[in-house]
Amino acid sequence: MNTKTLFYILKRIGLAILTVWVVITVTFFAMRAVPGGPFLGEKAITPAAQAALEAKYGLDKPLMTQYFTYLKDVFTEFDFGPSLKQRGRDVIDIIKDGMAVSAKLGVIAASIALVSGVVLGAVAALRRNKIIDKIIMVMTTAFISMPSFIMGTLLLLAFASVLPAHGETSQGLILPVITLSLSPMANITRLTRSSMLDVLGQDYIRTARAKGVSQVKIIFGHALKNSLIPVITYFGPMLAYIVTGSLVVEQIFAVPGIGRYFVSSITGRDYPLIMGTTIILASLIVVMNLISDILYKIVDPRINLE
């Protein structure tokens, strides 16, 4: 690793930390600006009991004091505090339980989307304007234009009698995985097709054909490899999107992932859990973008990291 690459990585890490700080700040003050509080929904709570709960969790302190205390705990100890609703549980433990399921769901869906998208995109490019190319393009257009909650609902209606309609078992994850993978697969298919068509028209491909290089080597050794750069650009953020964007899908299929905790934290005004899940999901997006940028250099050494 040369000095320029190392400097670029350090700069991006610094920007990532700055981005996470902005997310923390905006989320923290936006939550406090909304009227109400986390204990107003408690049944028959007295003013004295509410004041005692606020004192216990530090909510009676000045807002800026709470803010700086929270920043210190997050950046020095990676401590998101206790949940206000799930009494006796720390936010970090709740997030770990949810992410274990959501990450599994997201990685499987992203892997299926990547492999299927690259294969379908390559086939469409090699069979340009043929019937299979048109079928693939129609399918991908439909998958892109259909929101995940609509796709999930349709899959439930079609396969609920065959597959479990809840995500608490291994078989129950099949429908959520399919729902999450279809739209990214369609995007990767279109990216691969357009990129590969561009590469196949390059001079070095024509030169390779003129020299008698086999079609298999041209496709897999030159065209497909160089066509993957846009896919890499998309894949990193896509993986983060699948995990973070699975919130609605997890609700549809009753998957016990981080989406369930995130939604319940918002409806219950569980401030620490809202902050913790927001920070983790934002950090995931930032990290995956950084990894994508680094992978550019591995796939194509000609790229300069500025």
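How far apart are the axes of α4 and α7, and at what angle do they cross? In this predicted model, the two axes come within 6 Å and cross at roughly 35 degrees. The crossing in which α4 passes α7 is right-handed. Where these helices meet, the contact is made up of 21 nonpolar residues, six polar ones and one charged residue.

It helps to step back and look at the chain as a whole. The protein chain holds 12 helices and zero strands, and read from the N terminus its elements run α-α-α-α-α-α-α-α-α-α-α-α. Along the principal axes, the C-alpha trace spans about 85 × 60 × 30 Å. With a chain built this way, helix packing is a natural place to begin. Two packed helices are described by the angle between their axes and by the distance between those axes.

Helix α7 also meets α5. Here α5 (residues 131-145) and α7 (residues 174-200) pack with their axes 8 Å apart, at an angle of about 135 degrees. An angle over 115 degrees but not over 145 counts as oblique, and α5 is therefore oblique to α7. The crossing of this pair is left-handed, whereas α4 passes α7 in a right-handed one. On the α5 side, the contact is made by Asp133, Ile136, Met137, Thr140, Thr141, Phe143 and Ile144. Helix α7 contributes Leu182, Ser183, Met185, Ala186, Asn187, Thr189, Arg190 and Arg193. By residue class, the contact of α5 with α7 comprises seven nonpolar, five polar and three charged residues.

Helix α4, in turn, has a second partner to consider. Helices α4 (residues 91-126) and α11 (residues 258-267) pack at an angle of about 135 degrees, and their axes lie 7 Å apart. That angle makes α4 oblique to α11. The residues of α4 in this contact are Ile94, Ile95, Asp97, Gly98, Met99 and Ser102, and they meet Ile258, Gly259 and Tyr261 of α11. Five of the residues in the contact of α4 with α11 are nonpolar, three are polar and one is charged.

Attention now turns from the helix contacts to the open space in the model. The largest pocket contains about 410 Å³ of space. It is lined by 20 residues, of which Tyr57, Gln66, Thr69, Tyr70 and Asp73 are the closest to its centre. Which helices each supply at least two residues of this lining? They are α1 (3-33), α3 (63-77) and α12 (271-299). The largest share, four residues, comes from α3. In character, the lining of the largest pocket is a mixture of 11 nonpolar, four polar and five charged residues.

Conventions. Residues are numbered from 1 along each chain as its sequence is written. This is a predicted model: local features need pLDDT of at least 70, side-chain atom pairs count only at pLDDT 80 or more; totals for chains, interfaces and linings use all residues. Side-chain values use heavy atoms; hydrogens and water are left out. On a 1 Å grid over the protein atoms alone, a cavity is a set of points where a 1.4 Å probe fits but cannot get out, and a pocket is an open set with protein on both sides within 12 Å along at least five of seven lines; lining residues have an atom within 4 Å of a point. Grid points are joined across faces, edges and corners, and a volume is the space filled by probe spheres set on the points. Ala, Val, Leu, Ile, Met, Phe, Trp, Tyr, Cys and Pro count as nonpolar, Asp, Glu, Lys and Arg as charged, and the others, Gly among them, as polar. Axes are lines fitted to C-alpha atoms, for helices over the stretch in contact, and angles run from 0 to 180 degrees between N-to-C directions. Angles under 35 degrees count as roughly parallel, over 145 as roughly antiparallel, 65 to 115 as roughly perpendicular and the rest as oblique. A crossing is left-handed if the near helix is turned anticlockwise from the far one by less than a right angle, and right-handed if clockwise. Contact means heavy atoms within 4.5 Å.
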